[in-house]
Amino acid sequence: MPNIPFHDLSIPFYVMTDSGQGLITGITNNLLAKWGIGITELFRDALANMQAKAPAEFHSIFDAITGITGVPAEDMEKTVKDIGAPMLYILTSKDKRMGAAVILYPGILESCAEIMGGDFYLIPSSIHEFLLAPVSGMGPDKLQAVIREINQTEMPPEEALADHAYLYSAAQKKIIMV
C-alpha cells in the first residue's frame with residue numbers, strides 16, 4: 001500500500017464508499033498506478049476530500065460520556081476541576097471513522113492549543129481518534145504506561161496506533177515524539 005511516514009506512524013490511504021454500509025478499502029500501489037498519480041497528489045486530494053466529507057470534531061471527553069450515560073457534562077467537569085485532574089478532550093472526525101487522521105488537517109492543532117491554553121499531549125486512542133490532555137496533567141512516562149496497558153488489554157491490534165504519547169508544542173507549532 002502507498003503510505004507516507006509520519007514520525008513513527010504511517011499515513012495509509014483508503015477509499016470509503018457512501019453505500020450506506022460505509023465500506024473501507026485500502027488503496028494499493030496497483031490502483032495508484034492505474035490512476036496515474038503520485039503519492040504527493042494522492043495525499044493532497046485525500047486530505048482535501050477528508051476535510052470536506054469528515055470535518056474535525058473537538059470536544060471534551062465528558063460530552064462523549066454524556067451521550068452514553070446521560071450525566072450532564074458540566075457535573076463531570078466540575079468534579080474533575082474540584083479534584084485537580086486534567087481535562088481530556090477528543091479529536092476525531094465527524095463520522096468518528098479513521099478520525100485520528102484529523103491531526104493532519106491544516107490549523108487544527110493550533111486551534112486545539114488555543115482552546116486548551118497551550119501545549120498538550122496527543123494520546124493515540126485508536127485509528128479513530130486522539131485524546132488530548134494538557135501538559136500540566138500526567139507526565140509522559142505515566143501516559144506511556146496507561147497507553148501500553150490499554151493497547152495490550154482493550155484495543156484490537158489493528159486499531160492501535162502507538163504505545164506512547166506525542167507532545168504538541170504551541171510555540172513551535174509541531175508534534176514532538178515523547
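How much space lies in the second largest pocket? About 270 Å³ lies there. A pocket is an open set of points on a 1 Å grid over the protein atoms alone, where a 1.4 Å probe fits, with protein on both sides within 12 Å along at least five of seven lines; lining residues have an atom within 4 Å of a point. A volume is the space filled by probe spheres set on the points, which are joined across faces, edges and corners.

This is a predicted model, in which local features need pLDDT of at least 70 and side-chain atom pairs count only at pLDDT 80 or more, while totals for chains, interfaces and linings use all residues. Residues are numbered from 1 along each chain as its sequence is written, and side-chain values use heavy atoms, without hydrogens and water.

**Pockets**

| Pocket | Volume | Lining by class |
|---|---|---|
| Largest | about 1,000 Å³ | 25 nonpolar, four polar, five charged residues |
| Second largest | about 270 Å³ | 12 nonpolar, two polar, no charged residues |

In these classes, Ala, Val, Leu, Ile, Met, Phe, Trp, Tyr, Cys and Pro are nonpolar, Asp, Glu, Lys and Arg are charged, and the others, Gly among them, are polar.

The largest pocket is lined by 34 residues, and Pro12, Tyr14, Met50, Met98 and Ala101 are the closest to its centre. Helix α2 (39-53) gives the most to this lining, with seven residues. Helices (H or I, at least four residues) and strands (E, at least two) are DSSP runs, numbered from the N terminus.

For the second largest pocket, 14 residues form the lining, and those closest to its centre are Ile123, Leu131, Val146, Ile147 and Ile150. Two or more residues come from each of β7, β8 and α6 (140-153), with α6 giving the most, five.

**Helix α5**

In helix α5 (residues 108-116), the buried residues (under 20% relative accessible area, 1.4 Å probe, protein chains only) are Ile108, Leu109, Cys112, Ala113 and Met116. They lie on the same side of α5 because they cover an arc of only 140° around the axis, taken from the directions from the helix axis to the C-beta atoms. The face turned away carries Glu114 and Ile115, which are exposed (over 50%). Strands β7 (120-126) and β8 (129-134) are among the elements that cover the buried residues of α5, as is β9 (166-169). Just after α5, Gly117 has a positive phi of about 85°.

**Ser169**

Ser169 lies in β9 and is buried, at 7% relative accessible area. Ser169 is in contact (heavy atoms within 4.5 Å) with Asp119, Lys174 and Ile176, not counting residues up to four places away in sequence. The Ser169 side chain also reaches the backbone nitrogen of Gln172 at 3.1 Å.

Definitions and conventions
A polar contact is a pair of N or O atoms within 3.5 Å; within protein, one must be able to donate a hydrogen and the other to accept it, and residues adjacent in sequence count only if both atoms are side-chain atoms.
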